[in-house]
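Me: Could you walk me through this model with a few questions and answers? Here it is.

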Amino acid sequence: MNAEDRAAPSRARQEAARAVLEAAQAMYAKGLVEGTAGNVSGRVGDGTFCLTPSSLGYEAMRTSDLVFVDADGGAVAGDGHPSSEKALHLSCYRQWAEVGGVVHCHPLYASMFAVARQSIPAAIEEVVIYIGGDVEICDYHLTGSDELGEAVAGALGERSAVLMANHGLVTVGRDPADALHAALVVERTAHIVWGARLLGTPGSVPEKVNQDFAAVYRWVRESSWGGDA
């Protein structure tokens, strides 16, 4: 850690830390995780990434607890240990330059689909608008492994969300708040689909509507995502 990194954090890092902390605490408050599970990160304009620390409760978490790492995962600021899933976050940023925020969580209904190894269909229009289409599932890989990170980043494609087999959910967005919103949309949809299947066979949104809304998603992603937290 050089002298510049040990100095008072830059405005960009301060803003990134606030954005990550707000998203992490909202993720916990909305029941998308229990205990210290899950993690949140944000891209900083200086080439670093802000991550929630490992094994620290969200209610007690402060911006001073967050950790900044470089593209290789080396710590450049902060005294804590970055999330054990840092490889997952960094893989998403490396593969998708427009992504500015990543959320990894274990919401109840989405996780049921992940354990059943079933994708979540885009059964309502907002899923296509905010997520890009069906939420697919990637193969199982060990938690915290480079292989998991690569599988998640590769499976995202033109989507804001992907399920991890027998694990949980990863979402991305223009910033941490946007990634959190994607997670909430996915969890709500998973709950709706789960309930609809109990009632009968869910209907599908017309393919032309899906195509049109997918184009809206791509336009928003290409035009307004900048990769900065």
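**Helix caps, a patch and salt bridges**

Me: Which residue caps the N-terminal end of α7?

Reply: Happy to help. This is a predicted model, where local features need pLDDT of at least 70, side-chain atom pairs count only at pLDDT 80 or more, and totals for chains, interfaces and linings use all residues. Residues are numbered from 1 along each chain as its sequence is written, and side-chain values use heavy atoms, with hydrogens and water left out. At the N-terminal end of α7, a side-chain oxygen lies 3.2 Å from the backbone nitrogen of Ala177, and the residue that supplies this oxygen is Asp175.

Me: How many Å does α7 reach from its first C-alpha to its last?

Reply: Helices (H or I, at least four residues) and strands (E, at least two) are DSSP runs, numbered from the N terminus. The expected span is 1.5 Å times one less than the number of residues. Helix α7 covers residues 176–199, 24 in number, with 34 Å expected. The helix comes close to that, at 35 Å.

Me: Which two helices each supply at least two residues of the nonpolar patch?

Reply: A patch takes residues with over 30% relative accessible area and no salt bridge; like charges are joined within 9 Å, nonpolar side chains (Val, Leu, Ile, Met, Phe, Trp, Tyr) within 5 Å. Here Leu108, Met112, Trp194 and Leu198 share about 420 Å² of accessible area (Shrake-Rupley method, 1.4 Å probe, only the protein chains shown counting as cover). The two contributing helices are α4 and α7.

Me: Is Arg13 buried or exposed?

Reply: Arg13 meets Asp46 in a salt bridge at 2.7 Å, N to O (a side-chain nitrogen of Lys or Arg within 4 Å of a carboxyl oxygen of Asp or Glu). Asp46 lies in the loop between β1 and β2 and Arg13 in helix α2, so the pair ties together parts 33 residues apart in sequence. Buried means under 20% relative accessible area, exposed over 50%, partly exposed in between (1.4 Å probe, protein chains only). With a relative accessible area of 9%, Arg13 is buried.

Me: Which residue forms a salt bridge with Glu98?

Reply: The closest N and O atoms of this pair are 2.8 Å apart. Glu98 sits in the loop between α3 and β5, and its partner, 123 residues away, in helix α8. Glu98 is partly exposed at 21% relative accessibility, whereas the partner is buried at 5%. That partner is Arg221.

Note on methods
Polar contact = N/O pair within 3.5 Å; in protein donor to acceptor, adjacent residues only side chain to side chain.
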